Amino acid sequence: MESGLKALWVLSAVLLVSNWQHWTYGKAVPQVPCYFVFGDSLFDNGNNNYLNTPAKVNYLPYGIDFDTGASGRCSNGLNIADTIAEQLGFDSYISDFGIGSCTNFLDGVNYGSNGAGILDLTGYLTGELFTMNIQLYNHNITVSRVAKILGSEEVARKYLSQCIYVSDMGHNDYLNNYFLDGYNSSQLYTPEEFAQLLIETYETQLEKLYCSGARKIAVFGLIRVGCMPSNIQKHPNELDASSCAYKLNDDVQIFNHKLQELLRKLNNRHSDAVFTYINSYEIDSDNQTNTGFTHTRQSCCDVEPGSVPCKSLSFPCSNRSDYVYWDGAHFTEAKAWAFGKRAYKRQSPKDAYPYDISELVKLKFDDSDVYDINHAQL
């Protein structure tokens, strides 16, 4: 009992100091103490810059609208993870983990890696990357550092339980594995079997995330990969009425349906945590976030036919806010904002369930081991 009260006192002091630092510099206090990001190129904020891999975009025209230029984000500016951070009230960018040299980890860390997947095998032909398993390993390093700074594992656990965790994984397991001739996955597995393999692996990984202290976890489904400009060009004879490669979309939807079932199972298993589903496939539809964009199937920057990256030092389109896609696969900042807003605050019950991210922030758990941050800020 005494140790528990001491832990609460220490946590209250930590949060008070954190808030004081924001007030001192005239900054808003974030809605949560920290925000952790796991993902692929849709969320990567520069981690691949540290790796020996061609799967990095630290050159212009990437970052043409970003305040520090080409940062490693697969965008002209912000990506989805950035827009969520801003809506959570963070007024500076969440640090990339890189090679472990980040120091501002109490606010959270971005572990996302361009080309990464759920499976360790995914993307290996392109060189080094931070797979989901490596991202979780790196997160455990962060958790240990948080515990050291806060003085004990107990205080760290209470602190970390109030944070928001997002995971956006699975795209590359299809795009840079199952759909590629260089891998034999499509010969070994039917679409149903491959999706099941991913889900079983992902379940173990999400359990590890839970065991590290995560309690408020938003898991993103897969977007309409068949509508990416690169995939439209690769599959011109497999387009549906919406001009998308329907077979690719059908396959990722098998994964999405299984992912929803997995999250329901995890929620039933853990009463002291919430795993919520962000319905990326629905949000990424023409009658949702694509409304208002003039160009929904073309790349803004100059891309080789059927390829993804922008040509180095090429001149992109000037009307970037009219485009959904920046390059052959990734969103413009304008689309990222349209997407991120619906993930944070759903406009339809289909966007996110059981909660959107703004609702996840406010959740209070009955478990006595999970401390209420609102009390700590009094």
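This is a guided tour of the structure above, stop by stop.

The model is predicted, so local features need pLDDT of at least 70 and side-chain atom pairs count only at pLDDT 80 or more, while totals for chains, interfaces and linings use all residues. Residues are numbered from 1 along each chain as its sequence is written, and side-chain values use heavy atoms, with hydrogens and water left out.

**Stop 1: strand β6**

Select residues 274-278, strand β6. Helices (H or I, at least four residues) and strands (E, at least two) are DSSP runs, numbered from the N terminus. Five of the five residues in β6 are buried. Buried means under 20% relative accessible area, exposed over 50%, and partly exposed in between (1.4 Å probe, protein chains only). Val-274, Thr-276 and Ile-278 sit on one side, Phe-275 and Tyr-277 on the other; both faces are covered.

Now add strand β5, residues 216-220. It runs parallel to β6, joined by five bridges. Two strands pair if DSSP finds at least two bridges between them. Look for Phe-220 opposite Ile-278. Then add β9, residues 352-353, which pairs with β6 in the antiparallel sense over two bridges. Here Tyr-277 has Tyr-353 as its bridge partner.

**Stop 2: the disulfides**

Show the cysteines. There are four disulfides, each a pair of cysteine sulfur atoms within 2.5 Å. Counting bonded cysteines along the chain, the pattern is 1-2, 3-4, 5-8, 6-7.

Start with Cys-34 and Cys-163, with 1.8 Å from S to S. Cys-34 lies in the loop between α1 (2-24) and β1, and Cys-163 in the loop between α4 (153-160) and β4 (164-168), so the link ties together parts that are 129 residues apart in sequence. Cys-34 is buried at 0% relative accessibility. Cys-163 is buried too, at 0%.

Move to Cys-300 and Cys-317, a disulfide with an S to S distance of 2.0 Å. The torsion about the S-S bond is about -105°, so this disulfide is left-handed. Both cysteines are buried.

Next, select Cys-301 and Cys-310, whose sulfur atoms are 2.0 Å apart in a disulfide. This link is also left-handed, with -90° about the S-S bond. Cys-301 is buried at 5%, and Cys-310 at 3%.

Why does Cys-74 have no bond to Cys-310? The closest cysteine sulfur to that of Cys-74 is in Cys-310, 9.0 Å away, which is too far for a bond. Cys-74 is buried, at 4% relative accessibility.

**Stop 3: salt bridges**

Side chains of opposite charge can pair when their charged atoms come close. A salt bridge is a side-chain nitrogen of Lys or Arg within 4 Å of a carboxyl oxygen of Asp or Glu. The structure holds 15.

Select Arg-320 and Asp-65, whose closest N and O atoms are 2.6 Å apart. Arg-320 is in the loop between β7 (295-299) and β8 (323-325), Asp-65 in the loop between β1 (35-39) and α2 (80-87), and the two are 255 residues apart. Arg-320 is buried at 18%, whereas Asp-65 is partly exposed at 37%.

Asp-286 and Arg-297 also meet in a salt bridge, at 2.6 Å from N to O. Asp-286 is in the loop between α10 (280-283) and β7, and Arg-297 is in strand β7.

Then select Asp-302 and Lys-311, a salt bridge with closest N and O atoms 3.6 Å apart. Finish with Glu-203, Glu-207, Lys-265 and Arg-269, joined into one network by salt bridges that share partners.

**Stop 4: aromatic rings**

Rings of Phe, Tyr and Trp (its six-membered ring) pair if their centres lie within 6.5 Å; planes under 30 degrees apart count as stacked, over 60 as edge-to-face and the rest as tilted. By this rule there are 21 aromatic pairs. One of them is Tyr-35 with Phe-90, stacked at 6.4 Å centre to centre and 25° between the planes. Tyr-35 is buried at 1%, and Phe-90 at 7%.

Now select Tyr-174, Tyr-178, Phe-179, Tyr-189, Phe-194, Tyr-202 and Phe-255: ring pairs link them into a cluster. Add Asp-251, in helix α9 (residues 246-269). Asp-251 is buried, with 4% relative accessible area. Leaving aside residues up to four places away in sequence, Asp-251 touches Tyr-174, Tyr-178, Phe-179 and Pro-191. Contact means heavy atoms within 4.5 Å.

**Last stop: charge over ring**

Select Arg-215 and Tyr-210. The charged end of Arg-215 sits over the Tyr-210 ring, 3.9 Å from its centre. The rule is NZ of Lys or CZ of Arg within 6 Å of the ring centre and within 35 degrees of the ring normal. Arg-73 lies over the face of Tyr-93, at 5.2 Å from the ring centre.
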